[in-house]
Amino acid sequence: MMADKKQITRLLKTARGQIDGILKMVEEDRYCIDISHQIMASEAILKRANKEVLKAHMTHCVHDAVNSKDCDQKIEEMIKVLDNLLK
């Protein structure tokens, strides 16, 4: 992986901490809207981490593949990822 591992690790650990907090909120029967807000915050962090991973992939892996025989494969791979993101 070419993304900044420290940054990705920090973001994922933050999301994990938030999810642990959400689980506790559910167990404590906290207010639904408060739980929903925390879920959205966790999703935002995961999206940010994914954006950084994909950015690094485009910058390094896809860029390097442009002048190689893997170009079509990398482009198809990114199309599939974009399809999943846009569902």
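Start with the salt bridge: in this predicted model, the side chains of E28 and R30 pair up, with 3.8 Å from N to O. A search through the whole structure turns up one salt bridge, and the E28–R30 pair is a salt bridge. As a general matter, side chains of opposite charge can pair when their charged atoms come close. How buried or exposed is E28? E28 counts as partly exposed, since its relative accessibility is 43%. R30 is likewise rated partly exposed, because its value is 41%.

Then there is D29. It sits in the loop between α1 and α2, and its phi is near 55°, a positive value in a residue that is not glycine. D29 has 68% relative accessibility, so it counts as exposed; the cut-off for that class is over 50%.

Here are the accessibility values gathered in one place.

| Residue | Relative accessibility | Class |
|---|---|---|
| E28 | 43% | partly exposed |
| R30 | 41% | partly exposed |
| D29 | 68% | exposed |
| T9 | 37% | partly exposed |
| I39 | 37% | partly exposed |

On to the helix packing, beginning with α1 and α2. How do these two pack? Their axes are 9 Å apart, and the angle is about 165°. Angles over 145 degrees count as roughly antiparallel, so α1 and α2 are roughly antiparallel to each other. Their crossing is left-handed. On the α1 side, the contact is made by Q7, I8, R10, L11, L12, T14, A15, Q18, I19, I22, M25 and V26. From α2 come D34, I35, Q38, I39, A41, S42, I45, L46, R48, A49, E52 and V53. By residue type, the contact of α1 with α2 splits into 15 nonpolar, five polar and four charged.

A few residues help to pin this pairing down. Q7 has its place in helix α1; leaving aside residues up to four places away in sequence, Q7 touches R48 and E52. Measuring along the chain instead, Q7 and E27 are 20 residues apart in sequence, and their C-alpha atoms are 30 Å apart in space. T9 is found in helix α1, which covers residues 5-27. T9 and L46 are separated by 37 residues in sequence, while their C-alpha to C-alpha distance is 11 Å. Over in helix α2 there is I39. Its C-alpha atom is 9.5 Å from that of A15, with the two positions 24 residues apart along the chain.The other pairing is α2 with α3. Where do they run relative to each other? The axes of helix α2 (residues 32-65) and helix α3 (residues 71-85) come within 9 Å and cross at roughly 160°. With angles over 145 degrees counting as roughly antiparallel, α2 and α3 are therefore roughly antiparallel to each other. α2 passes α3 in a left-handed crossing. Which residues of α2 and α3 meet? From α2 there are N50, L54, H57, M58, C61, V62 and A65, and they meet C71, K74, E77, M78, V81 and L85 in α3. The residues of this contact divide into nine nonpolar, two polar and two charged.

Conventions: Residues are numbered from 1 along each chain as its sequence is written. This is a predicted model: local features need pLDDT of at least 70, side-chain atom pairs count only at pLDDT 80 or more; totals for chains, interfaces and linings use all residues. Side-chain values use heavy atoms; hydrogens and water are left out. Axes are lines fitted to C-alpha atoms, for helices over the stretch in contact, and angles run from 0 to 180 degrees between N-to-C directions. Helices (H or I, at least four residues) and strands (E, at least two) are DSSP runs, numbered from the N terminus. Angles under 35 degrees count as roughly parallel, over 145 as roughly antiparallel, 65 to 115 as roughly perpendicular and the rest as oblique. A crossing is left-handed if the near helix is turned anticlockwise from the far one by less than a right angle, and right-handed if clockwise. Contact means heavy atoms within 4.5 Å. Ala, Val, Leu, Ile, Met, Phe, Trp, Tyr, Cys and Pro count as nonpolar, Asp, Glu, Lys and Arg as charged, and the others, Gly among them, as polar. A salt bridge is a side-chain nitrogen of Lys or Arg within 4 Å of a carboxyl oxygen of Asp or Glu. Buried means under 20% relative accessible area, exposed over 50%, partly exposed in between (1.4 Å probe, protein chains only).
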